[in-house]
Amino acid sequence: MKSHRIFTTVALAVFAAALIAVAGCKTGGMAVTKRGQLLKINIEHPIDLPDRGEDNLNVVVGNRGVRSVKDVLIDVEVPPELVVLDETHERGVTMSHEPGSNFYHYTMGNLQPAEDSTIHYKVRASFGTMAATGNVGVTAWQRDLRGDKLVETASIKLRP
């Protein structure tokens with residue numbers, strides 16, 4: 001009887017720890033806001049590129065909740081091994097960028113439920129002596145996010 005009670009207590013403790021971890025989950029490009037909305041970041045990129053090869057890099061920010069997510073700030077850091085040839089974004093998104101910098105700052109006023117907003121980059125790889133690019137880093141800031149931010153990264157390998 002005593003071992004059964006210990007087993008039940010341990011099982012409940014493990015379940016509670018898993019529930020807490022899922023509630024504050026910020027891995028895999030998805031986070032839950034304090035109001036129960038789901039904010040998702042996905043970086044769509046080629047797995048590999050030849051040196052001087054060109055391709056598209058897309059950052060998709062989506063709302064997977066049932067309520068709007070307001071006032072989302074997005075910071076995108078493009079590694080120096082990727083030269084941005086062109087940048088476009090959707091309506092309702094405001095961009096600021098200092099020429100010569102590899103940081104792009106975006107503001108999204110309102111992201112509706114089940115809506116995605118995509119930022120498109122046309123990039124050229126310039127690997128030099130490296131075997132892969134540095135990380136493409138995307139950080140979403142929103143006041144209702146636990147920890148105030150959501151981070152997603154990706155890199156592109158040199159195609160042999």
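Trainee: In what order do the strands of the open sheet that contains β7 and β11 run?
Mentor: Remember that this is a predicted model. Five strands build this open sheet, and their pairing is antiparallel. The edge strands are β7 (93-97) and β11 (149-154), and each pairs on one side only. From one strand to the next, the twist averages 15°. Across the sheet, the order reads β7-β8-β5-β10-β11.

Trainee: How many bridges hold β10 and β11 together?
Mentor: Strand β10 covers residues 136-141 and pairs with β11 in the antiparallel sense. Ala 140 stands opposite Leu 150 of β11. The number of bridges between β10 and β11 is six.

Trainee: Which strands make up the open sheet that includes β1 and β6?
Mentor: This open sheet also has five strands, with antiparallel pairing. Its order is β1-β2-β4-β9-β6.

Trainee: Why is one side of β1 and of β6 left without a neighbour in the sheet?
Mentor: Start from the strand order β1-β2-β4-β9-β6. β1 (30-32) and β6 stand at the edges, so one side of each has no neighbour in the sheet. The reason is that each has a single partner strand.

Trainee: How many bridges join β4 to β9?
Mentor: β4 and β9 run antiparallel. One facing pair is Val 59 with Ile 119 in β9. The bridges joining β4 to β9 number nine.

Trainee: Which residue in β4 is the bridge partner of Asn 42?
Mentor: Look at β2 and β4, which run antiparallel and are joined by six bridges. β2 also pairs with β1 in the antiparallel sense, over three bridges, and there Met 30 stands opposite Lys 40. For Asn 42, the partner in β4 is Val 60.

Trainee: Which residues form the covered face of β2?
Mentor: In a regular strand, side chains alternate between the two faces of the sheet. The uncovered face of β2 holds Leu 38, Lys 40, Asn 42 and Glu 44. The covered face holds Leu 39, Ile 41 and Ile 43.

Trainee: Which residues have the most contacts inside the largest nonpolar core?
Mentor: That core has 31 residues. β2 (38-44), β4 (54-63), β5, β8, β9, β10 and β11 each supply at least two residues of this core. Those with the most contacts inside the core are Leu 39, Ile 74, Val 76, Tyr 106 and Tyr 121.

Trainee: What kind of aromatic pair do Tyr 104 and Tyr 121 form?
Mentor: A search of the whole structure finds one aromatic pair. In the pair of Tyr 104 and Tyr 121, the centre-to-centre distance is 5.3 Å, and the planes are 70° apart. An angle over 60 degrees decides the class. The pair is edge-to-face.

Trainee: How far apart in sequence are the parts that this pair ties together?
Mentor: Tyr 104 lies in strand β8 (residues 103-111). Tyr 121 lies in strand β9 (residues 116-125). So the pair ties together parts whose separation in sequence is 17 residues.

Trainee: Is Tyr 121 buried or exposed?
Mentor: Buried means under 20% relative accessible area. Tyr 121 has a value of 1%, and its pair partner Tyr 104 has 7%, which is also under that limit. Beyond four places in sequence, Tyr 121 is in contact with residues including Asp 55, Leu 57, Val 59, Val 76, Val 84 and Tyr 106. Tyr 121 is therefore buried.

Trainee: Which residues does Val 78 contact, leaving aside its neighbours within four places in sequence?
Mentor: Val 78 is found in the loop between β5 (69-77) and β6 (82-89). Val 78 is buried, with a relative accessible area of 1%. Its contacts beyond four places are Val 84, Asn 102 and Tyr 104.

Trainee: What distance separates the C-alpha atoms of Val 78 and Asn 135?
Mentor: Along the chain, Val 78 and Asn 135 are 57 residues apart. Their C-alpha atoms are separated by 7.5 Å.

Trainee: Among contacts between residues at least 6 apart in sequence, what share join residues at least 24 apart?
Mentor: The protein chain comes to one helix and 12 strands. Along the sequence, the helix comes ahead of the strands. Among those contacts, the share joining residues at least 24 apart is 72%.

Trainee: What percentage of the residues in the protein chain are buried?
Mentor: The protein chain exposes about 9400 Å², and carbon and sulfur atoms supply 57% of that area. The chain has 160 residues, and the buried part of them is 32%.

Key:
Residues are numbered from 1 along each chain as its sequence is written. This is a predicted model: local features need pLDDT of at least 70, side-chain atom pairs count only at pLDDT 80 or more; totals for chains, interfaces and linings use all residues. Side-chain values use heavy atoms; hydrogens and water are left out. Helices (H or I, at least four residues) and strands (E, at least two) are DSSP runs, numbered from the N terminus. Buried means under 20% relative accessible area, exposed over 50%, partly exposed in between (1.4 Å probe, protein chains only). Contact means heavy atoms within 4.5 Å. Rings of Phe, Tyr and Trp (its six-membered ring) pair if their centres lie within 6.5 Å; planes under 30 degrees apart count as stacked, over 60 as edge-to-face and the rest as tilted. Two strands pair if DSSP finds at least two bridges between them. Axes are lines fitted to C-alpha atoms, for helices over the stretch in contact, and angles run from 0 to 180 degrees between N-to-C directions. A nonpolar core is a set of buried Ala, Val, Leu, Ile, Met, Phe, Trp, Tyr and Cys residues joined through side-chain atoms within 4.5 Å. Accessible areas come from the Shrake-Rupley method with a 1.4 Å probe; for residues, only the protein chains shown count as cover.
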